[in-house]
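Biologist: Pick one part of this model and give me a close look at it, with burial, contacts and charges included. I'd like the numbers and the cut-offs behind them.

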Amino acid sequence: MRWLLRAWTRQGIRRPVERRIDIVNMGLTDTSHRALWEDIMRASYFPGSGTLLERTFLEGEAEGQAKGKAEGMAEGKAEGRISALLRLLHARGVPFAEAAEARIRACTDIDVLDTWFDRALTVRTIAEVLAPTDD
């Protein structure tokens, strides 16, 4: 069946294909074969207007975009805090080795970076800044 749908799609016969897919989808409501049909339709993408396959694809795409945006924002926040912490350490004249800077740059936990920043406001050594937290 897939080869036939691909052939119809290449020939520009999209709407009839989408209608047939939707008709089969509606006919399988409340049957044991519905899950199998949905799995088959998720295996390939046929652009259309409101088909089960298109809705599933678009929902997945939107979810992926939202996840990527959230991850990007979290990375941006961490980079901003890292930059602020390093600037504060330089401004206060707190000496630190490359290993300490690498540890700071590798940290992605906003809460840890905030703790280190708060400590950097008052302490005199990098060891005090990077000391383990008392949780």
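Modeller: Let's start with Glu79, which counts as exposed because its relative accessibility is 55%. By the cut-offs here, exposed means over 50% relative accessible area, buried means under 20%, and partly exposed is in between, with a 1.4 Å probe and protein chains only. Glu79 sits in helix 4, and its C-alpha is 9.5 Å from that of Ile110, although the two are 31 residues apart in sequence. Ile110 takes us to helix 6, residues 110-120, and that's the part I'll zoom in on. Helices here are DSSP runs of H or I with at least four residues, strands are runs of E with at least two, and both are numbered from the N terminus.

Some ground rules first. This is a predicted model, so local features need pLDDT of at least 70 and side-chain atom pairs count only at pLDDT 80 or more, while totals for chains, interfaces and linings use all residues. Residues are numbered from 1 along each chain as its sequence is written, and side-chain values use heavy atoms, with hydrogens and water left out.

For context, the protein has 7 helices and 0 strands. Buried residues account for 27% of its 135 residues. It exposes about 9400 Å², 55% of it from carbon and sulfur atoms; those areas come from the Shrake-Rupley method with a 1.4 Å probe, and for residues, only the protein chains shown count as cover. If contact means heavy atoms within 4.5 Å, then among contacts between residues at least 6 apart in sequence, 52% join residues at least 24 apart.

Now helix 6 itself. At its N-terminal end, Asp109 acts as a cap, with a side-chain oxygen 2.9 Å from the backbone nitrogen of Asp111. Which residues of helix 6 are buried? They are Leu113, Trp116, Arg119 and Ala120. Looking down the helix axis, these buried residues fall within an arc of 125 degrees, so they line one face of the helix; the arc is taken from the directions from the axis to the C-beta atoms. Asp111 and Asp118 are exposed on the other side of helix 6.

Arg119 may catch your eye, since a charged residue is on that buried list. Arg119 counts as buried because its relative accessibility is 19%. Its side chain reaches the backbone oxygen of Val129 at 3.0 Å. Leaving out residues up to four places away in sequence, Arg119 touches Glu128, Val129, Leu130, Ala131, Pro132 and Thr133.

Helix 6 also feeds the nonpolar core. A nonpolar core here is a set of buried Ala, Val, Leu, Ile, Met, Phe, Trp, Tyr and Cys residues joined through side-chain atoms within 4.5 Å. The largest one has 18 residues, and Leu89, Ile104, Trp116, Ile126, Val129 and Leu130 touch the most other members. Helix 4 (52-92), helix 5, helix 6 and helix 7 (126-130) each give two or more residues to this core, with helix 4 supplying the largest share, 6 residues.

Ile104 shows how helix 5 (residues 98-106) fits in. Ile104 counts as buried because its relative accessibility is 0%. Ile104 and Trp116 are 12 residues apart in sequence, with C-alpha atoms 9.0 Å apart. Beyond its neighbours within four places in sequence, Ile104 is in contact with Ile82, Leu85, Leu86, Leu89, Leu113, Trp116, Ile126 and Leu130. Ile126 adds further links, with Leu89, Val94, Pro95, Phe96, Ala100 and Ile104 as its partners once residues up to four places away are set aside.

Last, the charges. Side chains of opposite charge can pair when their charged atoms come close. The cut-off for a salt bridge is a side-chain nitrogen of Lys or Arg within 4 Å of a carboxyl oxygen of Asp or Glu, and the whole structure has 2 of them. In one, the side chains of Asp114 and Arg81 meet at 2.6 Å, N to O. Asp114 is in helix 6 and Arg81 in helix 4, so the pair ties together parts 33 residues apart in sequence. Asp114 is partly exposed at 28%, as is Arg81 at 30%. In the other, Arg105 and Glu101 meet at 3.0 Å, N to O. Arg105 and Glu101 are about one helical turn apart because they lie 4 residues apart in helix 5. Arg105 is exposed at 52%, whereas Glu101 is partly exposed at 26%.

How values were computed:
A polar contact is a pair of N or O atoms within 3.5 Å; within protein, one must be able to donate a hydrogen and the other to accept it, and residues adjacent in sequence count only if both atoms are side-chain atoms.
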